[in-house]
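Colleague: Hi! Could you walk me through this one?

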Amino acid sequence: MVRRLLHTRYRVNDLERFVAFLTEVLGLEEVRRISSPRGSTLVFLKAPESEEQLEICHYPASGPVVVPPDLTHLAFEVDSLEEFGKWAAAKGHPFSDGPTISSSGTCFAFIDGPEGYEIELIERRRA
């Protein structure tokens, strides 16, 4: 049986652009960068309060990455969706959808990341 999720991998065409987006817009921390035995470059990042890591893979030998609409997305919790929205817009990434309030009172919105990957931001309802 599995015990916990360790990391999730996304392959990209432009490694440095995607890593810059994750660190400069989302505030993720680069944990390590390695070359795999097959020749891909792997960058591992994490959110400040998460144990799970995000693995970004650059492997040109496998061909270009084409992300179809609505295939996958990453979701991150934020303290204030309003404040994050201002921050992201100033960095050139305004909300592409939302903010929307769910029936439970949780508020969420999306921004478009590089290469067609969507990012969901969630502000949980406070008790």
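Modeller: Sure, we can start with salt bridges and then turn to the sheet. This is a predicted model, where local features need pLDDT of at least 70, side-chain atom pairs count only at pLDDT 80 or more, and totals for chains, interfaces and linings use all residues. Residues are numbered from 1 along each chain as its sequence is written, and side-chain values use heavy atoms, with hydrogens and water left out.

Colleague: How many salt bridges are there?

Modeller: The count comes to 7, taking a side-chain nitrogen of Lys or Arg within 4 Å of a carboxyl oxygen of Asp or Glu.

Colleague: What does Arg33 pair with?

Modeller: Arg33 bridges to Glu16, with the closest N and O atoms 2.7 Å apart. Arg33 sits in strand E2 (residues 29-35) and Glu16 in helix H1 (residues 15-25), so the contact ties together parts 17 residues apart in sequence. Helices (H or I, at least four residues) and strands (E, at least two) are DSSP runs numbered from the N terminus.

Colleague: Which residues are linked in that network?

Modeller: Salt bridges link Glu16, Glu30 and Arg33.

Colleague: OK, new topic: what's the strand order in the open sheet?

Modeller: E5-E8-E7-E6, with mixed pairing; two strands pair if DSSP finds at least two bridges between them.

Colleague: And which strands stand at the edges?

Modeller: E5 (73-77) and E6 (95-101) do; each has a single partner strand, so one side of each lacks a neighbour in the sheet.

Colleague: How do E6 and E7 run?

Modeller: Antiparallel, with 4 bridges joining E6 to E7 (residues 107-112). Thr100 stands opposite Phe108 in E7.
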